Amino acid sequence: MGPGLIVPPIYSPIPPAIHPCHAEADVQTAAWAETFHIGSDELRGRLVQQAIGTFSARILPGGRQEVVSLLADFVLWLFGVDDGHCEEGELGHRPGELAGMLHRLLRVAQNPEAPVLQGDPLAAGLRDLRLRISRYGTSGQTARWVDALREYFFSVVWEASHRRNGTVPNLDDYTLMRLYDGATSVVLPLLEMGYGYELQPHERDRTAVRAAAEMASFIITWDNDIFSHHKEKSGSGYYLNVLRVLEEHEGLTARNALRTAIAQRDRVMCLFMRLTEYLSDHGSPQLRQYLASLAHFIRGAQDWGISSVRYTTAHSPASMPSLFTDRPTDDSTEPLDIPVIAWWWDLLPAATARRTMRRPVQRTA
């Protein structure tokens, strides 16, 4: 993260869990990437070493093995798009051309039989993913997956415009974009598929449930920014990260930006735990499973983030924590000063909002 800048243990009240198929999932996903030639040889060689199958196994620790494998292949495919085209490829600096390419991929997701991008490895991989999404999910889940893919594509084009101009958005704009460009929302339909149920619209579309999913996205992406900052800052290309946003627009030092970002994610984590406990007490068994899966997604991303070679680069190792803490640095029940998400704090009854939830330290599995 820079000389003397060390990531401390991060607050995580969620216990670790992992599917027993995790080693097999890593092997299967590496084989899938080779079959469809995802990314360049160099990029693919890096991706298959990043334990993405294990990451998926942490997200769905009790899910169907076929969906664990599907999720792992999809996450690797997303990295093929994000690393290959957005972060490291030329299209990442040409938002108009990037939008055209992504719209063609979206057409493949909408209609795998469409004669679009024939012979393109990413399109071929996406066709396979879409067919498996349809196999293990309902038509409604498939439609939501396509819609979430559109949101993700839209956000990375927005990011590409900043990359082209060398600009850094303010915290409010960055927060809104990060809810989508972290590709967390595209995973949500697979949380249901993994356990073979479909959450009913009156629960899934409830404002508080939607907010819980957004909170999970916020925590996952803020954690990712914290864990990946060392790798990104050490690189030669443009990078966009909450720490950079805080340094640029709040005038913070790197150390204070790290402290601020951790405090922000801690406050949201405390709210997430209170809200999901409240919703679980008043929801269906399917909603309780969905909320539990959001928590597994958060913790799975944390465990993977501090252990995967994607971030713990051997040639320039980051100062990562090896465990988590049960004490948040900020457990305030007041909204963060980020207007696009401040409404999250209005969703709980006052008595519930005053409660705090603290559990023992959880070591990584």
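A pocket, as I use the word here, is an open set of grid points with protein on both sides within 12 Å along at least five of seven lines, and a lining residue has an atom within 4 Å of a point. What I am showing is a predicted model.

I have two items: a pocket and a helix pair.

The pocket is the second largest one, and it is lined by 18 residues. E151, S185, L188, R210 and A213 are the lining residues that lie nearest its centre. Four helices give two or more residues each to this lining: α7, residues 139–165; α8, 171–181; α9, 188–193; and α11, 207–234. Which of them gives the largest share? That is α11, with 5 residues. Sorted by class, the lining has 8 nonpolar and 8 charged residues, plus 2 polar ones. The space in this second largest pocket comes to about 470 Å³.

Now the helix pair. Helix α12 covers residues 242–250, and helix α13 covers 254–281. They pack with their axes 9 Å apart, at an angle of about 120°. Angles of 65 to 115 degrees would count as roughly perpendicular and those over 145 as roughly antiparallel, so at about 120° α12 is oblique to α13. The crossing of α12 past α13 is right-handed.

Which residues make the contact? On the α12 side they are V242, L243, L246 and E247. On the α13 side they are A254, A257, L258, T260, A261 and Q264. By class, the contact of α12 with α13 has 7 nonpolar residues, 2 polar and 1 charged.

Notes: Residues numbered from 1 in each chain as written. Predicted model: local features only at pLDDT ≥ 70, side-chain atom pairs only at ≥ 80, totals over all residues. Heavy atoms only, no water. 1 Å grid on protein atoms, 1.4 Å probe; cavity = no way out; pocket = protein on both sides within 12 Å on 5 of 7 lines; lining within 4 Å. Points joined across faces, edges and corners; volume = space filled by probe spheres on them. Nonpolar A, V, L, I, M, F, W, Y, C, P; charged D, E, K, R; others polar. Axes fitted to C-alpha atoms, helices over the stretch in contact; angles between N-to-C directions. Parallel < 35°, antiparallel > 145°, perpendicular 65-115°, else oblique. Left-handed = near helix turned anticlockwise from the far one by under 90°. Contact = heavy atoms within 4.5 Å.
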